[in-house]
Amino acid sequence: MFSETTTTEYAAELAADLAAHGVEALQDLEVSVSELQTLPLAPAVAAEAARLRAALLTLQAGFAALPGLLEGAEG
């Protein structure tokens, strides 16, 4: 059984890991989609690429905010 302190410490470590590695992976994907958008694409494909890129940027911001959100929940 985990204590509240152990769970909080584990959650903080996991959030930091997600922020570091998750953002990095999402940035790599966003760059790939950005490069895709430089190609002459059919309108439907271009629209989907734009939607996907926006979603990736939103996810990056969410992953980056995780450690701060966790700290705010603790206090």
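**Overall shape**

I started with the radius of gyration, which is taken over C-alpha atoms, with a globule rule of 2.2 Å times the number of residues to the power 0.38. The chain has 17 Å, while a compact globule of 75 residues would come out near 11 Å. Then I looked up the box that the C-alpha atoms fill: along the principal axes it is roughly 55 × 20 × 15 Å.

A note to self on the source: this is a predicted model, where local features need pLDDT of at least 70, side-chain atom pairs count only at pLDDT 80 or more, and totals for chains, interfaces and linings use all residues. Residues are numbered from 1 along each chain as its sequence is written, and side-chain values use heavy atoms, with hydrogens and water left out.

**Helices and surface**

How many helices and strands does the chain have? I found two helices and zero strands, going by DSSP runs numbered from the N terminus (helices are H or I, at least four residues; strands are E, at least two). Helix α1 covers residues 4-37, and helix α2 covers residues 43-74.

Next I checked contacts, meaning heavy atoms within 4.5 Å. Of the contacts between residues at least 6 apart in sequence, 72% join residues at least 24 apart.

For the surface I used accessible areas from the Shrake-Rupley method with a 1.4 Å probe, where for residues only the protein chains shown count as cover. The chain's total is about 5,400 Å², and 65% of that belongs to carbon and sulfur atoms. Buried residues make up 13% of the 75; I take buried as under 20% relative accessible area, exposed as over 50%, and partly exposed as in between (1.4 Å probe, protein chains only).

**Y10 and its patch**

Y10 is in helix α1. Is Y10 buried or exposed? I noted it as exposed because its relative accessibility is 52%. Together with L14 and L18, Y10 forms a nonpolar patch on the surface, with about 280 Å² of accessible area for the three together. The patch rule I used takes residues with over 30% relative accessible area and no salt bridge, joining like charges within 9 Å and nonpolar side chains (Val, Leu, Ile, Met, Phe, Trp, Tyr) within 5 Å.

**Salt bridges**

I then searched for salt bridges (a side-chain nitrogen of Lys or Arg within 4 Å of a carboxyl oxygen of Asp or Glu). The structure holds two.

One joins the side chains of R53 and E30, at 2.5 Å from N to O. This pair links distant parts of the chain, with R53 in helix α2, E30 in helix α1, and their positions 23 residues apart. R53 counts as partly exposed because its relative accessibility is 28%, whereas E30 counts as buried because its value is 12%.

Another is between E48 and R51, whose closest N and O atoms are 2.4 Å apart. Both of these residues lie in helix α2, three residues apart, or about one turn of the helix. E48 is partly exposed, because its relative accessibility is 40%.

**E30 and Q60**

Which residues is E30 in contact with, leaving aside its neighbours within four places in sequence? I listed R53, L56, L57 and Q60.

That took me to Q60, which is in helix α2. Q60 is buried, because its relative accessible area is 12%. Not counting residues up to four places away in sequence, Q60 touches V23, L26, Q27 and E30. I also found a polar contact here: the side chain of Q60 reaches the backbone oxygen of L26 at 3.5 Å. For that I counted a pair of N or O atoms within 3.5 Å; within protein, one must be able to donate a hydrogen and the other to accept it, and residues adjacent in sequence count only if both atoms are side-chain atoms.

**Some distances across the chain**

Last, I picked three residues in helix α2.

- E71 lies in helix α2 and is exposed at 56%; its C-alpha atom is 9.5 Å from that of T8, 63 residues away along the chain.
- L69 is also in helix α2 and is exposed at 57%; its C-alpha atom is 9.3 Å from that of A15, with the two 54 residues apart along the chain.
- A61, again in helix α2, is partly exposed at 47%; from C-alpha to C-alpha, A61 and D28 are 14 Å apart in space and 33 residues apart in sequence.
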